[in-house]
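Please read the following report alongside the sequence and the model. It moves from the ligand to the cores, and then to the loops and single residues.

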Amino acid sequence: MCPGSFDPVTNGHVDIIERAASLFDRVNVVVMVNAAKSPVFSTEKRVAMLRACLSHLPNVTVESFDGLLAVYAAQKGATAIVKGLRALSDFEYEFQMALTNKRLNPRLETVFLTATGDKMYLSSSLVKQVAQYGGDISAFVPEAILPQIEAQFGKDRS
Ligand code: PNS
């Protein structure tokens, strides 16, 4: 299971999901609620954008869930949570979540994949900041969803 806010999905997320898809038989990407964040894109839009970016991966499915990840993983029979780690700054937060999820669902392991070098700096928040000011985000997100993101921030490509 690859859980996250994906608000919006970036090339960094796609890289982690592609690598998870080559490690595991099946990968379930789940758009979830992060209580600390107010998403810009609706859940439906985030799911649709993920599906558009991941259609080349036959063993990957995308859905959403509003509840506890540890409970959802148990319901789905998931054995592992896969998360990407970009820098030391990600570590404390991810470590805390991994330990909490393990406590809630002892059968669930969290697997961390280190971000690929040229994607270390990518984050959904920075993509949104750049897009908000009309900057070029084409290097940060898959081409398939570029128009949707730009439209959300009022940029017209036509
Ligand atoms: O992409 P994010 O925002 O870092 O992902 C965090 C997310 C959504 C995976 C996390 O907030 C989460 O698991 N939310 C679901 C509710 C839950 O289980 N919270 C306790 C986590 S220990």
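A polar contact is taken here as a pair of N or O atoms within 3.5 Å; within protein, one must be able to donate a hydrogen and the other to accept it, and residues adjacent in sequence count only if both atoms are side-chain atoms. This is a predicted model, in which local features need pLDDT of at least 70 and side-chain atom pairs count only at pLDDT 80 or more, whereas totals for chains, interfaces and linings use all residues. Residues are numbered from 1 along each chain as its sequence is written, and side-chain values use heavy atoms, with hydrogens and water left out.

**The ligand**

The polar contacts of the ligand include the three in the table, each made by an oxygen atom of the ligand.

| Residue | Partner atom | Distance to ligand oxygen |
|---|---|---|
| N34 | N or O atom in the side chain | 2.8 Å |
| L69 | polar backbone atom | 2.9 Å |
| Y93 | N or O atom in the side chain | 3.3 Å |

On its own the ligand has 540 Å² of accessible area, and the protein covers 84% of this; such areas come from the Shrake-Rupley method with a 1.4 Å probe, and for residues only the protein chains shown count as cover. There are 15 residues around the ligand, of which S5, V33, N34, K37 and L69 come nearest, where a residue counts as near if one of its heavy atoms lies within 4 Å of the molecule or strand in question.

**The nonpolar cores**

A nonpolar core is a set of buried Ala, Val, Leu, Ile, Met, Phe, Trp, Tyr and Cys residues joined through side-chain atoms within 4.5 Å, and buried means under 20% relative accessible area, against over 50% for exposed and partly exposed in between (1.4 Å probe, protein chains only). In soluble globular proteins, nonpolar side chains tend to be buried together. The largest core of this model has 31 residues, and within it I17, V29, L50 and L54 touch the most other members. At least two residues of this core come from each of α1 (11–23), β2 (27–31), α2 (43–54), β3 (60–64), α5 (124–132) and α6 (146–152); helices (H or I, at least four residues) and strands (E, at least two) are DSSP runs, numbered from the N terminus. A second, separate core consists of eight residues, among them M1, L69, A73 and I81.

Which residues does V29 touch, not counting residues up to four places away in sequence? With contact meaning heavy atoms within 4.5 Å, the partners of V29 are C2, F6, I17, L50, L54, V60, T61, V62 and E63.

**The cysteines**

A disulfide is a pair of cysteine sulfur atoms within 2.5 Å, and the structure holds zero of them. For C2, the nearest cysteine sulfur is that of C53, 14 Å away, and C2 is in no disulfide; C53 is likewise in none. C2 is buried at a relative accessible area of 3%, and C53 is buried at 7%.

**The loop between β1 and α1, and helix α5**

F6 is found in the loop between β1 and α1, where its phi is near 50°, a positive value in a residue other than glycine; F6 is also buried, with a relative accessible area of 5%. P8 has its place in the loop between β1 (2–4) and α1, and the peptide bond from D7 to P8 is cis, with omega near 0°. Leaving out residues up to four places away in sequence, K128 touches D7, P8, V40 and F153. K128 has its place in helix α5 and is buried, with a relative accessible area of 17%.

**Other buried positions**

V141 is found in the loop between α5 and α6 and is buried, with a relative accessible area of 2%. Not counting residues up to four places away in sequence, V141 touches V9, T10, N11, V127, L146 and I149. V141 and C53 are 88 residues apart in sequence, yet their C-alpha atoms are 9.3 Å apart in space.

A70 is found in helix α3 (residues 69–76) and is buried at a relative accessible area of 3%; with residues up to four places away in sequence set aside, A70 touches N101, L104, N105 and L108. The C-alpha atoms of A70 and V127, 57 residues apart along the chain, are separated by 29 Å.

D15 lies in helix α1 and is buried, with a relative accessible area of 11%. Under the same exclusion of residues up to four places away in sequence, D15 touches T116 and K119.
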